[in-house]
Structures are given as structure tokens and as C-alpha cells.
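Take a look at the structure below. The walk-through starts with one pair of side chains and then widens to the chain.

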Amino acid sequence: LWDRKKVRLDLAGELRSYLQESLFRHYLYYTKEMSENIPAVEIGRAMLGEITVVVNDGFMKVFKCFKAVVHILIVAAFVLHENPTAIWVVVAFTAVMVFWFSRRSD
């Protein structure tokens, strides 16, 4: 059900559209001297290529990370609800995950 809702939301498409409109609107307000210094090709490249990269590799990764954190919190809550003495497992798992992510990002 949530997957179908995500498809209809198209958050990445909305973000790309908003950033493209904002960049173009900003370009339209350039003075003549400023617009002569920046070729229109650069604005087009930014709108079609770089904004897509920023959205897909930037904003959307944040949501994936948030989803993973929520899943980990749900599992931790379940473990602690079922066995409160297993708090050491939750703490150790969290420490291992933080270590893994920190090593992986290098």
C-alpha cells in the first residue's frame, strides 16, 4: 500500500521540478552583465544534469537513511518490549551499525 502511495507522490520528480524552476527563475533575474558571464548552456546543463544528481544522490538518500533508522528503532523497541534484559544487544547492535557506516563512508 505504501509503495503505491510513494509512486503517486513522486517526491523526486517534485523536488527536481522545484529546483529547476527556482534555478531558471533566478537566471531570469540576472542583470545583463551577469547573464553574459554565464552561458545559457551552463544553466541548461545544471537544470538537466546536476539537479537530477543532487536530488537522486542527495535528497533521496536522506529518505532511505531515515527509513533504515526507523526500521532499526522498531526492531529495538520490539526486542526491548519482549525482553527488557536484552538492552545490551540493542546497544551493541547500534554500536556495530554506527561503526559499519562510518567505515563504509570512508
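Glutamate 42 is partly exposed, with a relative accessible area of 37%. Its model is a predicted one. The partner of glutamate 42 is arginine 45, and the two form a salt bridge. Their closest N and O atoms lie 2.8 Å apart. That is within the 4 Å cut-off for a salt bridge. A search of the whole structure finds 1 salt bridge.

Why can these two side chains meet? Arginine 45 and glutamate 42 are 3 residues apart in helix H4, so about one helical turn separates them. An α-helix has 3.6 residues a turn, so residues three or four places apart point the same way. Side chains of opposite charge can pair when their charged atoms come close. Arginine 45 is partly exposed as well, with a relative accessible area of 45%. Glutamate 42, at 37%, falls in that class too.

Stay with arginine 45 for a moment. This residue sits in helix H4. Compare its position with that of lysine 32, 13 residues away along the chain. The C-alpha atoms of arginine 45 and lysine 32 are separated by 20 Å.

Now follow the helix itself. H4 covers residues 40–82, 43 residues in total. From its first C-alpha to its last, H4 reaches 61 Å. The span expected at 1.5 Å a residue is 63 Å, and the value for H4 is close to that. H4 nevertheless has a kink of about 40 degrees. The kink is centred on alanine 46.

Which residues of H4 are buried? They are Ile43, Ala46, Met47, Ile51, Val55 and Ala76. Alanine 46 thus appears in two roles: it is the centre of the kink, and it is one of the buried residues. Which helices do the buried residues of H4 pack against? They pack against helix H2, residues 11–28, and helix H5, residues 87–104.

Alanine 12 shows the H2 side of this packing. Alanine 12 is found in helix H2. Its relative accessible area is 13%, so alanine 12 counts as buried, the limit being under 20%. Leaving aside residues up to four places away in sequence, alanine 12 touches Val55, Asn56 and Met60. Val55 is also among the buried residues of H4. Alanine 12 and valine 55 are 43 residues apart along the chain. Their C-alpha atoms are separated by 6.5 Å.

Next, move to the loop between H2 and helix H3, where H3 spans residues 32–37. Threonine 31 is placed in this loop. At 39% relative accessibility, threonine 31 counts as partly exposed. Methionine 97 lies 66 residues from threonine 31 along the chain. The C-alpha atoms of threonine 31 and methionine 97 are separated by 50 Å.

Step back to the whole chain. It has 5 helices and 0 strands. Read along the sequence, the pattern is α-α-α-α-α. The C-alpha atoms fill a box of roughly 70 × 35 × 20 Å along the principal axes. The radius of gyration is 22 Å. A compact globule of 106 residues would have a value near 13 Å.

How much of the chain counts as buried? The share is 12% of the 106 residues. The chain exposes about 9,100 Å². Carbon and sulfur atoms supply 68% of that area. Contacts complete the picture. Take the contacts between residues at least 6 apart in sequence: 57% of them join residues at least 24 apart. The contact of alanine 12 with Val55 spans 43 residues along the chain.

Definitions and conventions: Residues numbered from 1 in each chain as written. Predicted model: local features only at pLDDT ≥ 70, side-chain atom pairs only at ≥ 80, totals over all residues. Heavy atoms only, no water. Helix = DSSP H or I, 4+ residues; strand = E, 2+ residues; numbered from the N terminus. Expected span 1.5 Å × (residues − 1). Bend = angle between axes of the 7 residues up to and from the residue. Buried < 20%, exposed > 50% of the residue type's maximum accessible area, 1.4 Å probe, protein only. Contact = heavy atoms within 4.5 Å. Rg over C-alpha atoms; globule rule 2.2 N^0.38 Å. Areas by Shrake-Rupley, 256 points an atom, 1.4 Å probe, with all protein chains shown as cover. Salt bridge = Lys/Arg side-chain N within 4 Å of Asp/Glu carboxyl O.
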